[in-house]
Amino acid sequence: MGLFDRVSRLLRANVNDMVSKAEDPEKILEQAVMDMQEDLVQLRQAVASSIANQKRTEQQYNKAMADANSWQSKAQLALQKGDEDLAREALVRKKNYSETAASLKAQLDGQAGMVDTMKKSLLQLEGKISEAKTKKDMLKSRSQAAKAQEQLQGAVGRLGTNSAMAAFERMEEKVLIQEAKSQAAAELTGADLESKFAALSAGSDVDDELAAMKQQMLGGSAQPAAALPQGTVSPTSAPATPKDTVKAPMSPQDEELEALRKQIDGL
C-alpha cells in the first residue's frame, strides 16, 4: 500500500468520524423529510405536466379524427356531384388526417400508460412521506428522551464529585457530631441526677439510722442502770438507805458519765 493511499484513507476516516459526530438525528430526520417533500413536489409537477401533454395530445387526436371525418364527408359529397378529382383530393386529405390521428393515438396510449405509472409512483411517495413523518416524530421523541436521560445521568454523576454535594456530606457529618454531643450531654445529665438521688437516698438512710440510735439511747436511759461494782453508788438510782444515809462521793469518771447522759437526754 502506497503512502498516498494510506493518507487518503486516513483523511476519509477522519472526515467520516467528524461527520458522524456532527450528525444530529433530529436535524437529519427533518432534512430527510424536507428532501422527500421536494421530490414529491417535483414528481407532482412532472405528473401534472404529463397529464397536460396527454390532454393536449388527446385534443390533437380528436381534431385529427374530426378533420379526417370531415374530408371523408367532403369526398362523398364531391363524388355525389360527379367530381371525382375533387373527391380524390378530399380522400388524400382525409388519409393525411387519419394517419396523423393514428400517430396521435399511439402517442396518447403511451402517455396514458406513463401518466398511470407516475400517478402510482406519486401515491407511493406520498405514503412513504407520511410514514416517514410518523417515524420521524417517533425517532425525535426517542432522541429527545435519550438526550434527557444522558443529561440526567451526567447530572447524577456530577453530584458525586460536585463541591455542593461534598458540602452536604460535611454538614451531615457535623450534624452527626452535634447529635452525638447532645446525646452524651443527656447521658451525663442523667447520670448526675441519678447520683444526686442516690446521695439523697443514702442521706435518708443515715438520718434514719441516726434517729434510730437516738431512740435507742433514749429508751436505754429510761431503763434501770446496770449493777455497779460493790461499794459504788449509782448517781441516778434512788438511795436505798434511810434519809440520813450520806451519799458516797462520785468519782470523776462517774461525773463525766452523768454529764453525757444529761446531754443525750436533752437532745
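The chain exposes about 21200 Å², of which carbon and sulfur atoms supply 58%. Accessible areas were computed by the Shrake-Rupley method with a 1.4 Å probe, and for residues only the protein chains shown count as cover. The model is predicted: local features need pLDDT of at least 70 and side-chain atom pairs count only at pLDDT 80 or more, while totals for chains, interfaces and linings use all residues. Residues are numbered from 1 along each chain as its sequence is written, and side-chain values use heavy atoms, with hydrogens and water left out.

Of the 267 residues in the chain, 11% are buried. Here buried means under 20% relative accessible area, exposed means over 50%, and partly exposed lies in between (1.4 Å probe, protein chains only). The chain contains 5 helices and 0 strands, in the order α-α-α-α-α along the sequence. Helices (H or I, at least four residues) and strands (E, at least two) are DSSP runs, numbered from the N terminus. Among contacts in the chain with a separation of 6 or more, 75% are between residues 24 or more positions apart; a contact means heavy atoms within 4.5 Å.

Helix α2 comprises 56 residues and spans 81 Å from its first C-alpha to its last, close to the 82 Å expected at 1.5 Å a residue. The expected span is 1.5 Å times one less than the number of residues in the helix. After α2 comes G82, which has a positive phi near 85 degrees.

The count of salt bridges is 7, a salt bridge being a side-chain nitrogen of Lys or Arg within 4 Å of a carboxyl oxygen of Asp or Glu. One of them joins E126 and R44, with the closest N and O atoms 2.9 Å apart. Because E126 lies in helix α3 (residues 84-161) and R44 in helix α2 (residues 25-80), this pair ties together parts that are 82 residues apart in sequence. Both side chains belong to partly exposed residues: the relative accessible area is 27% for E126 and 42% for R44.

A salt bridge within helix α3 links D109 to K105, and the closest N and O atoms are again 2.9 Å apart. The two residues are 4 places apart in α3, about one turn of the helix. An α-helix has 3.6 residues a turn, so residues three or four places apart point the same way. D109 is partly exposed at 43% relative accessibility, and K105 is partly exposed at 32%.

In a further salt bridge, D137 pairs with K136, the closest N and O atoms being 3.9 Å apart. D137 is partly exposed at 44% relative accessibility, whereas K136 is buried at 12%. Through shared salt-bridge partners, E30, K136 and D137 form one network.

Q111, in helix α3, is buried, with a relative accessibility of 10%. Apart from neighbours within four places in sequence, Q111 contacts N53, Q54 and T57.

On the surface, L3, V7 and L11 make up a nonpolar patch with about 300 Å² of accessible area together. Patches consist of residues with over 30% relative accessible area and no salt bridge, where like charges are joined within 9 Å and nonpolar side chains (Val, Leu, Ile, Met, Phe, Trp, Tyr) within 5 Å. Of the patch residues, L11 is placed in helix α1 (residues 3-22).
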